[in-house]
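Subject: Structure for your review

Dear colleague,

Please find below the sequence and structure that I wished to pass on to you. I would be grateful if you would read the notes with the structure open beside them.

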Amino acid sequence: MSYLEINNYSQVGKMGISSDAITTIASKAIQDIEGVEISQGKGKKTRLSSLFQLSGGVKTNIAQGKAVIRMEIILKEGTPVKTVCLAIQKKVAEAIHLACETVLCEISLKVVGFKN
């Protein structure tokens with residue numbers, strides 16, 4: 001498991017957040033966006049119900065001091081893809097910023113399907 005170092009204003013030691021924790025924050029951030037579900041691979045869908053349940057459609061890697069988040073999502077038919085994807089990126093970035101203060105991140109989305 002990799003960790004991303006975060007600001008430590010007390011200077012007493014180091015602080016970090018795991019890639020799994022960032023994945024959980026990202027997954028929870030989009031849970032309430034209408035018409036969006038996280039893919040579980042091969043067309044399976046899930047709605048996260050627990051803070052600690054990780055989704056197979058969200059992966060986080062730590063590289064060069066920033067979190068690289070990749071999300072595979074399923075959208076409701078008729079959903080404006082660009083508008084919703086921009087909203088997802090914004091909401092995930094805000095959630096990570098609130099939870100970890102300033103964390104550099106890259107959020108990549110892949111629409112893997114549509115539902116009725």
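The notes below set out what was found, beginning with the overall picture and ending with individual residues.

Please bear in mind that this is a predicted model. The average pLDDT of the protein is 84, and 86% of the residues reach at least 70. The stretch to treat separately is residues 43-54, where the pLDDT is below 50; in the model this stretch has 32 contacts beyond near neighbours in sequence.

Overall arrangement

The protein contains two helices and seven strands, and their order along the sequence is β-β-α-β-β-β-β-α-β. Of its 116 residues, 39% count as buried. Among contacts with a separation of 6 or more, 57% are between residues 24 or more positions apart. One example of two positions brought together from separate parts of the sequence is I38 and I73: they lie 35 residues apart along the chain, yet their C-alpha atoms are separated by 4.5 Å. I38 belongs to strand 3 and counts as buried because its relative accessibility is 4%, under the 20% cut-off.

The two helices

Helix 1 (19-29) is mostly covered, with eight of its eleven residues buried. These are S19, I22, T23, T24, I25, A26, S27 and A29. They pack against strands 1, 2, 3, 5 and 6, and against helix 2.

Helix 2 covers residues 81-100. Its 20 residues, at 1.5 Å each, should span 28 Å, and the end C-alpha atoms are indeed 28 Å apart. V84, C85, I88, V92, A95, I96 and C100 are the buried residues of this helix. Viewed down the helix axis, these residues fall within an arc of 105 degrees, so they line one face of helix 2. The other side of helix 2 carries the exposed residues K82, T83, K90 and L98. The partners of the buried residues are strands 1, 2, 3, 6 and 7, together with helix 1. After helix 2 comes E101, which has a positive phi, near 65 degrees.

The nonpolar core

In soluble globular proteins, nonpolar side chains tend to be buried together. The largest nonpolar core here has 26 residues, and the members that touch the most others are I30, I69, M71, I88 and V92. Strand 1, helix 1, strand 3, strand 6 and helix 2 each contribute at least two residues to this core, and helix 2 gives the most, with seven.

Which residues does I88 contact, leaving aside its neighbours within four places in sequence? I88 is in contact with I30, I33, V36, M71, I73 and L109.

The loop before helix 2

T79 is located in the loop between strand 6 (66-76) and helix 2. With a relative accessibility of 15%, T79 counts as buried. The side chain of T79 reaches the backbone oxygen of K76 at 2.5 Å. T79 also touches G35 and V84, when residues up to four places away in sequence are not counted. V84 is itself one of the buried residues of helix 2.

I should be pleased to go through any of these points with you.

Yours sincerely

Technical notes
Residues numbered from 1 in each chain as written. Predicted model: local features only at pLDDT ≥ 70, side-chain atom pairs only at ≥ 80, totals over all residues. Heavy atoms only, no water. Helix = DSSP H or I, 4+ residues; strand = E, 2+ residues; numbered from the N terminus. Buried < 20%, exposed > 50% of the residue type's maximum accessible area, 1.4 Å probe, protein only. Polar contact = N/O pair within 3.5 Å; in protein donor to acceptor, adjacent residues only side chain to side chain. Contact = heavy atoms within 4.5 Å. Expected span 1.5 Å × (residues − 1). Arc of directions from axis to C-beta. Core = buried A, V, L, I, M, F, W, Y, C linked by side-chain atoms within 4.5 Å. pLDDT = per-residue confidence, 0-100.
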